[in-house]
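Ready to practise reading a protein model step by step? Take a pencil, look at the picture, and try each task before reading its solution.

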Amino acid sequence: MAFHKVETTYERPNFIDSDVGLVTKTREIPQSMGKAQDNRKIVIGGTVFPSNDTHATGIVFETVDVTDDEKRPASVIVAGRIIKANLPETLNSAAETALKNIGFVFV
């Protein structure tokens, strides 16, 4: 008897302009950042970390499923060239300023 499980995947446009100067660090992504998607809590790659305001310190590198964990380790971009129009959410001006101050360039 065979068992099959269908998993849905989602494609997002590339938001990284260049890998030159791209710096990532491992951070703990809290479950509170997740958004409901097909009975899962997902943090989409390109989401501002930890919040889209003056507290912004990076951008989540890849989509992370945080359904089963209070905190999940994941890569967060802490410096690099980012295509602002391809981010999954509109970048708050305060977050943009905070990210530019730590080494981000938005194109």
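Below are four exercises, each with a worked solution.

The model is predicted, so to say: local features need pLDDT of at least 70, side-chain atom pairs count only at pLDDT 80 or more, and totals for chains, interfaces and linings use all residues. Residues are numbered from 1 along each chain as its sequence is written, and side-chain values use heavy atoms, leaving out hydrogens and water.

**Exercise 1. The whole chain**

Find how many helices and strands the chain has, and in what order they run.

Step 1. Helices (H or I, at least four residues) and strands (E, at least two) are DSSP runs, numbered from the N terminus.
Step 2. The chain has one helix and eight strands.
Step 3. Reading from the N terminus, the order is β-β-β-β-β-β-β-α-β.
Step 4. For the overall dimensions, the C-alpha atoms fill a box of roughly 55 × 25 × 25 Å along the principal axes.
Step 5. Of the 107 residues, 33% count as buried (buried is under 20% relative accessible area, exposed over 50%, partly exposed in between, with a 1.4 Å probe and protein chains only).

**Exercise 2. A three-stranded sheet**

Work out which strands lie at the edges of the open sheet that holds β2, β3 and β6.

Step 1. Two strands pair if DSSP finds at least two bridges between them.
Step 2. β2 and β3 are antiparallel and joined by three bridges; one partnership links Ala36 to Lys41 in β3.
Step 3. β3 (residues 40-43) is also joined to β6, by two bridges and again antiparallel, and here Ile42 has Asp65 as its bridge partner.
Step 4. The order is therefore β2-β3-β6.
Step 5. The edge strands are β2 (35-37) and β6 (64-65), as each pairs on one side only.
Step 6. Look at the turn too: the hairpin of β2 and β3 has two residues between the strands, and Asp38 takes a positive phi near 50° there.

**Exercise 3. The nonpolar cores**

Identify which elements give two or more residues to the largest nonpolar core.

Step 1. A nonpolar core is a set of buried Ala, Val, Leu, Ile, Met, Phe, Trp, Tyr and Cys residues joined through side-chain atoms within 4.5 Å.
Step 2. The largest one has 13 residues, and Phe15, Ile59 and Leu91 are among those with the most contacts inside it.
Step 3. The elements you want are β7 (71-82), α1 (93-101) and β8 (104-106).
Step 4. Another core lies apart from this one; its nine residues include Ile29, Val60, Val64 and Val66.
Step 5. Now select Phe106: leaving out residues up to four places away in sequence, Phe106 touches Ile59, Ile82, Lys84, Leu91, Glu96, Leu99 and Lys100 (contact means heavy atoms within 4.5 Å).

**Exercise 4. One loop residue**

Decide whether Asp69 is buried, partly exposed or exposed.

Step 1. Find Asp69 in the loop between β6 and β7.
Step 2. Its relative accessible area is 24%, so Asp69 is partly exposed.
Step 3. As a distance check, Asp69 and Phe49 are 20 residues apart in sequence and 17 Å apart in space, C-alpha to C-alpha.
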